[in-house]
Amino acid sequence: MAHAERRWRDRSSLALLGAGGLLVVAAAAALVLGLTGAGGDDDPPAGRAAPAGKLLDSARFGIRLRHPDSWRRRPGGRAIRLVSGDRRVGLTITTAAARPAVAEVRPQLERSVLRTLDGARVIDRGAGRVGGRPARLTAIRARNERREVVDALAITVASRYRTYAIVAFGSPAAAQAVLREARAVLDSVRFRRPGRR
């Protein structure tokens with residue numbers, strides 16, 4: 001894993017690395033966000049304050065997170081969608097009522113992202129943490145309808161109750177401040193039993 005992290009850092013022009021993990025939204029010059037969080041499902045990441053902003057608490061999805069006031073929630077019955085104020089970074093979170101294994105969900109998520117984006121290709125795979133839980137990461141590079149480079153990170157993570165597929169999309173032109181916001185959103189994720197308030 002150390003070798004993969006070094007390669008991701010070398011490819012990155014916007015490295016925002018945390019002490020405990022690595023999140024890569026691989027880009028034309030690679031968009032790198034750090035993920036930490038060694039605690040349990042409801043524990044805050046060690047050494048980090050909870051981010052300010054709006055609380056999104058979804059009993060249906062069994063997930064709680066905070067996002068900046070400037071970020072917008074997009075309607076989506078089967079997914080949680082968040083978009084940064086400048087629309088250059090977005091997160092989509094989905095889950096199934098069942099709890100399939102991460103090893104089963106990861107290739108399905110990769111295929112889905114690869115089919116959705118034009119000219120998409122996997123550029124790296126690795127591990128990190130989301131919500132204090134081990135996560136599998138796949139960095140993907142593609143182009144949008146305007147032929148601009150789009151970077152995606154497909155994240156698969158399981159809580160005690162559900163398995164989640166998270167896709168982070170980013171534009172290489174995204175400002176470092178927006179990338180830090182995206183990192184804080186992912187750092188703020190907490191999993192809980194679905195269906196309870």
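Arginine 125 is partly exposed, with a relative accessible area of 42%. In this predicted model, the side chain of arginine 125 meets that of glutamate 110 in a salt bridge, with an N to O distance of 2.8 Å. Because glutamate 110 belongs to helix H2 and arginine 125 to strand E9 (residues 118-130), the pair ties together parts that are 15 residues apart in sequence. Glutamate 110, in contrast to its partly exposed partner, counts as buried, at 8% relative accessibility.

Glutamate 110 also takes part in a second contact, a salt bridge with the side chain of arginine 106 (3.4 Å, N to O). Here both partners are located in helix H2 (residues 102-116), where a separation of four residues corresponds to about one turn of the helix. Arginine 106 is buried, as is glutamate 110. Glutamate 110 is thus engaged by arginine 106 and by arginine 125.

A further intrahelical pair occurs in helix H3 (residues 176-187), in which arginine 183 and aspartate 187 are four residues apart, about one turn of the helix. These two residues form a salt bridge whose closest N and O atoms are 3.9 Å apart. Arginine 183 counts as buried at 12% relative accessibility, and aspartate 187 is likewise buried, its relative accessible area being 5%. Elsewhere, a network of salt bridges links Asp57, Arg64 and Arg192. Across the whole structure, the search finds six salt bridges.

Strand E9 is also part of an open sheet of seven strands, which has the order E6-E7-E8-E12-E11-E10-E9 and antiparallel pairing. Strand E6 (72-74) and E9 form the edges, each pairing on one side only. On average, neighbouring strands of this sheet are turned by 20 degrees against each other, direction ignored. Within the sheet, E7 and E8 run antiparallel and are joined by four bridges. Leucine 82 stands opposite leucine 91, a residue of E8.

Several of the sheet strands contribute to pockets. The largest pocket contains about 590 Å³ of space. It is lined by 22 residues, and those closest to its centre are Arg87, Arg88, Asn144, Arg146 and Val150. At least two lining residues come from each of strand E7 (80-83), strand E8 (89-95), strand E11 (149-158) and strand E12 (163-170). Of these, E8 gives the most to the lining, with four residues. Classified by residue type, the lining of the largest pocket comprises ten nonpolar, five polar and seven charged residues.

The second largest pocket has a volume of about 440 Å³. Its lining consists of 18 residues, with Thr94, Leu109, Ser112, Ala165 and Val167 lying nearest the centre. E8, H2 and E12 each supply at least two residues of this lining. Strands E8 and E12 therefore contribute at least two residues apiece to the largest pocket as well as to the second largest pocket. By class, the second largest pocket is lined by ten nonpolar, seven polar and one charged residues. Ten nonpolar residues are accordingly found in the lining of the largest pocket and in that of the second largest pocket, whereas the charged residues number seven in the former and one in the latter.

Methods: Residues numbered from 1 in each chain as written. Predicted model: local features only at pLDDT ≥ 70, side-chain atom pairs only at ≥ 80, totals over all residues. Heavy atoms only, no water. Salt bridge = Lys/Arg side-chain N within 4 Å of Asp/Glu carboxyl O. Buried < 20%, exposed > 50% of the residue type's maximum accessible area, 1.4 Å probe, protein only. 1 Å grid on protein atoms, 1.4 Å probe; cavity = no way out; pocket = protein on both sides within 12 Å on 5 of 7 lines; lining within 4 Å. Points joined across faces, edges and corners; volume = space filled by probe spheres on them. Nonpolar A, V, L, I, M, F, W, Y, C, P; charged D, E, K, R; others polar. Pairing = 2+ DSSP bridges. Axes fitted to C-alpha atoms, helices over the stretch in contact; angles between N-to-C directions.
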